[in-house]
Amino acid sequence: MAWMPRRAWLVLFGVLIAAGFTRPILSSDLWLPLRTGQDIVRQRSVPVRDAYSFTATGAPFVDQEWGSQVLLFLGWKAVGLDGLALGAAMLVALTLVLLPVTMKGDLAIDLGILIILLPLA
């Protein structure tokens, strides 16, 4: 690994991780937080009643994720679904690149190899 500078390895890690995590959003859990974020922005209040359950419509509801739902909606409105997927991939890549940088010794090298192989799993 001495033939390649450390920064080049980090860039390679980031590119590989980002490429591994940029695939279509298949989660069915995306749409409810996105819609709830839209409701919060439009109504300027956090919902206190369940509006979207089939079996519990109107039941008391504590929305603990309202902040992330608003950010998700505003992000979707600004950059669309592809932008959200790219943003999520960039956050994951940044986390996985910075983790071995902050570590020292053989453990950091082992973690770097694991990070490269992770998208292939």
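This is a short tour of one protein chain, stop by stop, for you to follow in your viewer.

**Before you start**

The model is a predicted one, in which local features need pLDDT of at least 70, side-chain atom pairs count only at pLDDT 80 or more, and totals for chains, interfaces and linings use all residues. Residues are numbered from 1 along each chain as its sequence is written, and side-chain values use heavy atoms, with hydrogens and water left out.

**Stop 1: the whole chain**

Show the protein chain as a cartoon. You should find 4 helices and 0 strands, where helices (H or I, at least four residues) and strands (E, at least two) are DSSP runs numbered from the N terminus. Along the sequence the pattern reads α-α-α-α. Of the 121 residues, 27% count as buried; buried means under 20% relative accessible area, exposed over 50%, and partly exposed in between, with a 1.4 Å probe and protein chains only. Among contacts (heavy atoms within 4.5 Å) with a separation of 6 or more, 57% join residues 24 or more positions apart.

Now colour by pLDDT, the predictor's confidence in each residue, from 0 to 100. The chain has a mean of 79, and 68% of its residues reach 70 or more. Which helix has the highest confidence, and which the lowest? H2 is highest at 94, while helix H4 (residues 106-117) is lowest at a mean of 65. Where pLDDT is low, the predicted coordinates should not be read in detail.

**Stop 2: a salt bridge in H2**

Select helix H2 (residues 31-43) and show the side chains of arginine 35 and aspartate 39, which lie 4 residues apart, about one turn of the helix. Their side chains meet in a salt bridge, at 3.2 Å from N to O. The term stands for a side-chain nitrogen of Lys or Arg within 4 Å of a carboxyl oxygen of Asp or Glu, and by this rule the count comes to 1. Side chains of opposite charge can pair when their charged atoms come close.

Are the two partners buried or exposed? Aspartate 39 counts as buried because its relative accessibility is 14%, whereas arginine 35, at 42%, counts as partly exposed. Leaving out residues up to four places away in sequence, aspartate 39 also touches Arg44 and Tyr52.

**Stop 3: glutamine 69 and leucine 30**

Next, select glutamine 69 in helix H3 (residues 66-102). Its relative accessibility is 7%, so glutamine 69 counts as buried. Beyond its neighbours within four places in sequence, glutamine 69 is in contact with Pro33, Thr36, Gly37, Ile40 and Asp63.

Add leucine 30, in the loop between helix H1 (6-21) and H2. Leucine 30 is buried too, at 11% relative accessibility. Try a distance label here: leucine 30 and glutamine 69 are 39 residues apart in sequence, but 9.6 Å apart in space, C-alpha to C-alpha.

**Stop 4: a pocket**

Finally, select Thr36, Asp50, Ala51, Tyr52 and Phe61, which lie nearest the centre of the second largest pocket, out of 14 lining residues. About 230 Å³ of space lies in this pocket. On a 1 Å grid over the protein atoms alone, a pocket is an open set of points where a 1.4 Å probe fits, with protein on both sides within 12 Å along at least five of seven lines; lining residues have an atom within 4 Å of a point.

Which element gives the largest share of the lining? H2 does, with 4 residues. By type, the lining divides into 5 nonpolar, 4 polar and 5 charged residues.

Conventions:
Grid points are joined across faces, edges and corners, and a volume is the space filled by probe spheres set on the points. Ala, Val, Leu, Ile, Met, Phe, Trp, Tyr, Cys and Pro count as nonpolar, Asp, Glu, Lys and Arg as charged, and the others, Gly among them, as polar.
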